[in-house]
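Let's take a friendly walk through this model together. Have the sequence and the structure at hand as you read.

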Amino acid sequence: MLRAKWWKILSFVLLLYTCTYGFIVKVPKLDDRMRESIRNMFFHVPMWFGMMILFFVSLVYAIKYLRNANPVHDVYSNAFATMGLVFGVLGIITGALWANYQWGSPWVGDPKQNGAAIALLIYFAYFVLRGSLLDTEKRARLSAVYNVFSFFMLFPTLWILPRLTESLHPGGQGSEGNPGINGKDMSANMRTVFYPAVIGWTLLGVWITTLQIRLQLFKLKKEGLL
Amino acid sequence: MIQLLQTTAADNSFMLRDGKIFLVMTVVCIVLVGLFLYVASIDKKISQLEK
């Protein structure tokens, strides 16, 4: 799977589709301020979807590590968390840029913006923790435990609290259901680009993660630790 | 001069249509292709290391 080619090509095809049809597809004219910037849905939102998926895979490998103490699983968990954080940072930067033109300021204190910032800071602490421990086994075990905690902090910071109060993001108080999964909020035209975009960006993230994993495993083997 | 520009515009209508959005689209695609080529080249280098 690490070296298989087909899904890397799929990622390229889906992203090429996103970056061409995403500019052409007919989008609803919502208001005079939004105009064409709704197309950011194909670039800004998949960063968050991708981040959540990569963090989830990182969590799975953290739990696997805690069950069998296999150092390979620690390498996997660390690499997926790193790429997830890259996506999160890109998401928050693109979000601030979009907010500047839609809401009038890069940071308006929207509950989801604040929640996302807290979630990212919690994950930053994961790398601080890793960097502060020299003993590899201790580092792997503690960071796996912390990884479980930080993933479950996504529930309040991203998935619950922003939806309980008024929010400028979709899915705040007063709107029905989950905007991430309930695609009815998005026009059918846009959905034909949005879901391929999510898959494409996520696969690109997974690809870069596998490169990191292979490099780390190669290093460990060379040092005779594996 | 304006007339010349207009004829050129007509010849390159694809790139200049709809507020030149297709120009942006092409730029984004070039960035994407470049990025993928780079990632693929790293993939290849790591594969060589592993052998």
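In this predicted model, the axes of H4(A) and H5(A) come within 10 Å and cross at roughly 175°. Angles over 145 degrees count as roughly antiparallel, and H4(A) and H5(A) are therefore roughly antiparallel to each other. From H4(A), the contact draws on A:Ile122, A:Tyr123, A:Tyr126, A:Leu129 and A:Arg130. H5(A) answers with A:Arg139, A:Leu142, A:Ser143, A:Tyr146, A:Asn147 and A:Ser150. By type, the residues of this contact divide into 6 nonpolar, 3 polar and 2 charged.

**The core of chain A**

Which residues have the most contacts inside the largest nonpolar core? They are A:Met51, A:Leu54, A:Phe55 and A:Phe80, in a core of 48 residues. The elements of chain A that give two or more residues to this core are H1, H2 (44–68), H3, H4 (111–132), H5 (136–152), H6 (154–164) and H7. H2(A) gives the largest share, with 13 residues. As background, nonpolar side chains tend to be buried together in soluble globular proteins.

A:Phe80 is a good residue to click on. Leaving aside neighbours within four places in sequence, A:Phe80 is in contact with A:Leu54, A:Val57, A:Ser58, A:Tyr61 and A:Thr209.

**Three helices by length**

Here are three helices of chain A, with the span expected at 1.5 Å a residue beside the distance between the end C-alpha atoms.

| Helix | Residues in helix | Expected span | End-to-end C-alpha distance |
|---|---|---|---|
| H1(A) | 19 residues | 27 Å | 27 Å |
| H3(A) | 32 residues | 46 Å | 46 Å |
| H7(A) | 35 residues | 51 Å | 52 Å |

For H3(A), the end C-alpha atoms are 46 Å apart, which agrees with the expected 46 Å. H7(A) should span 51 Å, and its 52 Å agrees as well. What follows these two helices? H3(A) is followed by A:Gly104, whose phi is positive, near 95°. Just after H7(A), A:Gly224 also takes a positive phi, of about 75°.

H1(A) has several buried residues: A:Ser11, A:Phe12, A:Leu14, A:Leu15, A:Thr18, A:Cys19 and A:Gly22. The buried residues of H1(A) pack against H7 of chain A together with helix H2 (13–50) of chain B. That brings us to the second chain.

**Where chain A touches chain B**

Chain B has 2 helices and 0 strands. How much of chain B is made up of buried residues? The share is 0% of its 51 residues.

The contact between the chains takes 12 residues from chain A and 13 residues from chain B. On the side of chain A that touches chain B, H1 (6–24) and H7 (188–222) each supply at least two residues. The residues of that side of chain A divide into 10 nonpolar, 1 polar and 1 charged.

A:Phe218 gives a local view of chain A meeting chain B. This residue lies in helix H7 of chain A. Is A:Phe218 buried or partly exposed? A residue needs 20 or more other C-beta atoms within 10 Å to be buried; with 14 C-beta neighbours inside 10 Å, A:Phe218 counts as partly exposed. Leaving aside neighbours within four places in sequence, A:Phe218 is in contact with B:Leu49 and B:Glu50. Back along the chain, A:Phe218 and A:Ile208 are 10 residues apart in sequence and 16 Å apart in space, C-alpha to C-alpha.

Note on methods:
Residues are numbered from 1 along each chain as its sequence is written. Chains are lettered from A and ligands numbered from 1 in the order in which they are written. This is a predicted model: local features need pLDDT of at least 70, side-chain atom pairs count only at pLDDT 80 or more; totals for chains, interfaces and linings use all residues. Two residues are in contact if their C-beta atoms, placed from the backbone, lie within 7 Å. Helices (H or I, at least four residues) and strands (E, at least two) are DSSP runs, numbered from the N terminus. Ala, Val, Leu, Ile, Met, Phe, Trp, Tyr, Cys and Pro count as nonpolar, Asp, Glu, Lys and Arg as charged, and the others, Gly among them, as polar. The expected span of a helix is 1.5 Å times one less than its number of residues. A nonpolar core is a set of buried Ala, Val, Leu, Ile, Met, Phe, Trp, Tyr and Cys residues joined through C-beta atoms within 7 Å. A residue is buried if 20 or more other C-beta atoms lie within 10 Å of its own, exposed if 12 or fewer, and partly exposed in between; C-beta atoms are placed from the backbone. Axes are lines fitted to C-alpha atoms, for helices over the stretch in contact, and angles run from 0 to 180 degrees between N-to-C directions. Angles under 35 degrees count as roughly parallel, over 145 as roughly antiparallel, 65 to 115 as roughly perpendicular and the rest as oblique.
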